[in-house]
Amino acid sequence: MTYEPVIGIETHVELTTESKMFCGCAVGFGAPPNTNVCPVCLGLPGALPVVNGRAVEFAMAIGLALNCSIAHQSVFSRKNYFYPDMPKNYQISQYDEPLCIGGYLDVQTGSETRRIGITRVHMEEDTGKSIHVGEGGRISAASHSLIDFNRAGVPLMEVVSEPDIRSAEEARAFVAELRGAVLRLGVSDAKLEEGSMRFDANVSLRPKGTEPFGTKVEVKNMNSLRSLQRALEHEIDRQAALLEAGDSVLQETRHWDEAAGTTLGMRSKEEAFDYRYFPEPDLVPVEVDDAWRDRVGEAIPELPAQARARYLEMGLDPTAAGLISRDVAFGAVFEDAVAAGGVSQTVANWLTGEVTALLRRSETPLASSPIDGAALAELSGMVDAGRLSASAAKDVLAGVVAGEGNPAEVARARDLVQVSDIAALEPIIDEVLAGNEEAVGKLRRGDDKVIGFLIGQVMRASGGKADPAVVRGIIKDRVS
Amino acid sequence: MAYYYHCRLMPVDIDIGKVARLARLALSEDELNRYRQQCEVVLEHAARVQALPTDGVTGTSHPLPRTNAFRDDIVTECLDREEVLAQAPERDGDYFLVPRILDEQ
């Protein structure tokens with residue numbers, strides 16, 4: 001039987017406010033353990049939380065970017081559970097009256113765009129961070145755990161999608177799109193590896209063409225887009241095999257094991273699954289009037305979907321448009337390069353191809369590499385003017401990334417400038433023609449295909465520096 | 001208190017041992033019995049309130065007519081780490097140390 005995956009994703013995004021959600025402790029990755037803590041975020045008796053107004057605006061911005069409506073009134077609730085990284089034994093979250101409700105995000109996979117519903121976006125606080133001590137840092141094999149409460153109370157937004165996602169690839173694209181939006185809004189650094197953006201997926205299968213949902217499994221512990229896709233592919237296969245064998249899927253939470261490439265069922269030592277939500281008595285409701293909402297809405301910059309549409313209009317292919325629109329740094333360099341006269345598709349191809357590969361190899365983010373819009377525009381201009389071949393342009397890019405200077409300097413230093421000077425090329429061409437009488441004869445008899453071979457010979461004789469277009473012209477002149 | 005013990009209208013069961021375990025409290029049999037009775041009274045009262053007809057009554061979780069009590073996004077001073085860790089039952093260096101959390105299936 002063919003099964004259709006039904007996937008919903010919960011994404012948590014830490015906000016880059018200065019201070020925490022309910023107290024004045026600093027927000028920041030990498031501070032010494034247990035230094036950004038106070039009576040409020042440690043849940044000491046008598047401490048009272050106060051909402052960070054900026055965090056509310058950031059949350060509204062996310063909601064508006066995801067086409068949600070903003071509730072006129074929303075309230076905070078206590079979500080009660082026992083876990084060592086939760087000093088208060090409850091998390092302040094939102095429950096039945098969240099800030100943002102009912103939106104959507106358009107997601108592109110390949111050339112197809114699908115609209116994924118957003119159930120809600122709500123505000124809450126992050127928990128502390130646990131380090132599991134023992135075999136491989138795995139929670140299940142740990143002998144004990146160490147807790148750092150610096151992260152406890154950091155403003156955290158939870159974005160809940162509708163179960164509209166139908167493949168692992170689409171799940172990955174959804175998260176990538178959401179991440180792109182959050183980055184463009186500037187409300188989070190959304191670093192997957194540092195955990196400032198995290199996601200859990202609910203996965204179930206149903207026979208293709210049927211409506212009712214199957215039993216869902218929650219998959220956790222994926223910390224890259226690649227591991228999200230791998231984990232979901234694995235989980236979809238696992239459930240399909242169970243159903244195919246006539247077994248049933250157990251409703252449970254499974255952890256993705258990156259090294260083993262499998263999901264593992266987990267059993268909690270605690271059984272408190274009833275969160276006993278109730279309104280947080282220490283915090284008054286949040287009221288958003290139209291004026292406030294509109295003020296936040298007006299400050300929202302161009303989002304990936306809008307940038308993508310604009311890039312498509314500029315003539316970019318959908319893959320390049322998608323990649324560049326989702327990455328703030330790439331988007332900025334691309335825009336600068338085109339504004340400085342670079343050819344859009346050429347610049348896009350370099351960014352998504354050669355530049356990405358070079359940066360990955362040197363493990364440098366684009367923003368701190370010497371590649372900028374001016375460099376790409378200059379390079380594009382040199383190729384356009386026939387001063388660089390396409391392959392020489394790649395060498396020049398490598399030189400620029402390696403910090404050897406701007407494109408013109410690198411091209412000169414690496415001796416890559418293309419020779420289009422007729423006087424300089426004629427002797428080389430004449431020599432090649434003299435040495436290839438048979439090919440020249442064929443060309444004279446009208447066999448045009450052979451000209452490519454002759455151009456290739458000239459390129460070789462010139463050490464790859466001859467301008468093929470000029471060479472073609474001269475050969476045609478000589479032979480006619 | 002004694003008065004309430006004698007007019008229990010709605011018997012409510014509570015697994016006091018489980019509550020104690022979750023709260024990491026080591027209680028004696030005597031204490032368990034005492035706290036069970038006290039908690040039962042509280043729960044009974046809650047059950048009595050819950051049974052009242054409240055259709056059309058507005059919730060009073062936030063009785064003050066106030067909204068939007070915000071603070072500015074400004075960093076303030078934190079506690080001293082040594083002072084904080086001194087409250088922990090166990091520590092390892094600069095971290096709180098806690099027993100293992102999950103078992104493998």
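## A walk through chain A

Start with the whole chain on screen: of the 480 residues in chain A, 41% are buried. Keep in mind as you go that this is a predicted model. Zoom out and turn the C-alpha trace, which spans about 95 × 55 × 50 Å along its principal axes. The radius of gyration of chain A is 29 Å, whereas a compact globule of 480 residues would have one near 23 Å. Switch to a cartoon view and you will find 15 helices and 17 strands. Among the contacts in chain A with a separation of 6 or more, 70% link residues 24 or more positions apart.

**Stop one: the hairpin.** Select residues 100-109 of chain A, which are strand 7, and residues 112-125, which are strand 8. The two strands run antiparallel and are joined by nine bridges. Find A:Cys100, and opposite it in strand 8 you will see A:Val121. Now follow the chain to the turn: two residues separate the strands of this hairpin, and A:Gly110 there has a positive phi of about 60°. Strand 7 also pairs with strand 3 (residues 69-70) of chain A, antiparallel and over two bridges. To see one of these pairings, show A:Ser69, whose bridge partner in strand 7 is A:Ile101.

**Stop two: a three-stranded sheet.** Next, pick out strands 6, 5 and 16 of chain A, which form an open antiparallel sheet in the order 6-5-16. Strand 6 (90-93) and strand 16 (278-279) each have a single partner strand, so one side of each is left without a neighbour in the sheet. Colour strand 5 (residues 77-80) and look along its pairing with strand 6, which is antiparallel and has four bridges. Within that pair, A:Arg78 stands opposite A:Ile92.

**Stop three: the cores.** Which members of the largest nonpolar core touch the most other members? Select A:Ala59, A:Ile62, A:Val121, A:Ala171 and A:Phe174, out of 81 residues in that core. Helix 2 (residues 168-185) of chain A gives the largest share, 11 residues. Colour domain 1 (3-296) and domain 2 (302-413) separately: both give residues to this core, so it lies between them.

Centre on A:Ala171 and leave aside its neighbours within four places in sequence; its contacts are then A:Ile7, A:Ile9, A:Ile165, A:Ala201, A:Leu228, A:Gln229 and A:Leu232. For the last view, move to another core that lies apart from the largest one, with 34 residues including A:Leu388, A:Val410, A:Ala411 and A:Leu416.

Terms used
Residues are numbered from 1 along each chain as its sequence is written. Chains are lettered from A and ligands numbered from 1 in the order in which they are written. This is a predicted model: local features need pLDDT of at least 70, side-chain atom pairs count only at pLDDT 80 or more; totals for chains, interfaces and linings use all residues. Two strands pair if DSSP finds at least two bridges between them. A nonpolar core is a set of buried Ala, Val, Leu, Ile, Met, Phe, Trp, Tyr and Cys residues joined through C-beta atoms within 7 Å. A residue is buried if 20 or more other C-beta atoms lie within 10 Å of its own, exposed if 12 or fewer, and partly exposed in between; C-beta atoms are placed from the backbone. Domain bounds come from an automatic or database domain assignment. Two residues are in contact if their C-beta atoms, placed from the backbone, lie within 7 Å. The radius of gyration is taken over C-alpha atoms; the globule rule is 2.2 Å times the number of residues to the power 0.38.
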